[in-house]
Amino acid sequence: MRRFLRDNSLGLVFGLLFLAALVGQAFAGHADFNQQQLTEGLQPVSFGRYVTSASFAVDVTENWQSEYLQFFLYIFLTVWLLQRGSPESKELDKAGRESDQDQLVGAHATDTSPAWARVGGLRQALFSHSLGLVMGAIFLLSWLSQSITGVAAYNEQQLGNLQDPVSWGQYLRQPDFWNRTLQNWQSELLAVTSMVVLSIYLRQRGSSQSKPVGAAHTATGVEG
Amino acid sequence: MRVAVAPVGTVLAVLALTGCGAVTDRADAAGDVAVRMLSAVAEKDGAGACALLAPDSAAEIEQSADQPCAEAILEEDLPAPGTVSASDVYGQWAQVRVGGDTVFLAVFPGGWRVVAAGCHSRGERPYDCAIQGG
């Protein structure tokens, strides 16, 4: 058991931190929602009602979509784009899909290679892009969820302001949708840019995301 | 894998149907309260109409007319009750179109209560209402 925890501590700790943050967001969001309700002379809602509301759902999904977009772009663009000196980049002569030998697929697969890396055809093609495709699919689903829960939350506000609700199609053209979307995109893209550039010159001893402390600033594609 | 997908699909379908059912029920309930309030005014039952108003809306009527809600509401320019032609519910709010009127309602402990009635559209701007809270 202890060995399992140690060997999977990265995934487990981040999973638990995610749940703790989500629960914290639910409590803070519930308090904020009820504060607004009281301000408008309305009744506070129960915690259960809030966590099943469009308001909570849109606040959650607008952040999810941007995170998955970030990883989707990062996974796909790092196939082709390079950054000299960054451990986030591949070595400068390895831009592109790389050879079957480098990727251990088909005839170059080893005994421990996953089954779909050994076979050819559609299965190998799918498995070769599965990480990016799944991240991209989760991004699209989260963004769709944001738009659906967003229009419901927006319409609740519209009715509270004694204004007409809008359709989903109209909501996609509303500033509210794009403001929620782009404010998350910009922060994720800034974080990625910071990581790519700062990791050229800065180090974190022992971290898989950093070059070794003594590695040259020009060393590319080297992780500690 | 197919075995797992079927129950998930069923659960999602049931959730979607019950969710739609719940929304329809809430929309019907909001429409019912709007019609009851307008009917009470038409029948000169001021107390009955005020009982269906949101607290802030009833207080606003009393304050602006300087008389009890049950009397003041009968002097407001509210249309006769008609059939509900549309009822939209989003979270704690509902918009009901009844006869030629548009009524806005919100959820309170006793159920839906009328926040604004006798409302006329002003395009992008908020509706202009004969009675409204706040």
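Good morning. In the model before us, 18 residues of chain A are in contact with 23 residues of chain B. I should say at once that this is a predicted model. I shall take the interface between the chains, and then turn to the one inside chain A.

The size of an interface is often given as the accessible area lost when the parts come together. For chain A and chain B, that buried area is about 1,700 Å², and carbon and sulfur atoms account for 61% of it.

What salt bridge is found across this interface? There is one between the two chains. R97(B) pairs with D164(A), and their closest N and O atoms lie 3.0 Å apart. Alongside that, seven residue pairs are in polar contact between chain A and chain B, with both residues of each pair at pLDDT 80 or more.

Which elements of chain A supply the surface that touches chain B? Two of them give two or more residues each: helix 2 and helix 8, the latter spanning 130-160. Helix 8 of chain A is the greatest contributor, with five residues. By class, the chain A side comprises seven nonpolar, seven polar and four charged residues.

Let me now move within chain A. The chain is divided into domain 1, residues 1-52, and domain 2, residues 53-224. Their contact draws nine residues from domain 1 of chain A and eight from domain 2 of chain A. Taken over C-alpha atoms, the centres of these two domains are separated by 23 Å.

Between domain 1 and domain 2 of chain A, about 720 Å² is buried, with 59% of that area on carbon and sulfur atoms. On the domain 1 side, the residues that lose the most area to domain 2 are Q25(A), F33(A) and Y50(A). Together these three make up 52% of what the domain 1 side buries.

How many salt bridges are counted between the two domains of chain A? The count is zero. Polar contacts are present, however: two residue pairs qualify across the domain interface, both at pLDDT 80 or more.

As for the elements involved, helix 2 (9-39) and helix 3 (47-51) of chain A each give two or more residues to the side of domain 1 that touches domain 2. Here helix 2 of chain A gives the most, with five residues. That side of domain 1 divides into six nonpolar residues, two polar and one charged.

To close, I would draw attention to helix 2 of chain A, which is listed among the contributing elements facing chain B and also among those facing domain 2 of chain A. Thank you.

Key
Residues are numbered from 1 along each chain as its sequence is written. Chains are lettered from A and ligands numbered from 1 in the order in which they are written. This is a predicted model: local features need pLDDT of at least 70, side-chain atom pairs count only at pLDDT 80 or more; totals for chains, interfaces and linings use all residues. Side-chain values use heavy atoms; hydrogens and water are left out. Domain bounds come from an automatic or database domain assignment. Contact means heavy atoms within 4.5 Å. Buried area is the accessible area (1.4 Å probe) that two parts lose on being put together, summed over both. A salt bridge is a side-chain nitrogen of Lys or Arg within 4 Å of a carboxyl oxygen of Asp or Glu. A polar contact is a pair of N or O atoms within 3.5 Å; within protein, one must be able to donate a hydrogen and the other to accept it, and residues adjacent in sequence count only if both atoms are side-chain atoms. Helices (H or I, at least four residues) and strands (E, at least two) are DSSP runs, numbered from the N terminus. Ala, Val, Leu, Ile, Met, Phe, Trp, Tyr, Cys and Pro count as nonpolar, Asp, Glu, Lys and Arg as charged, and the others, Gly among them, as polar.
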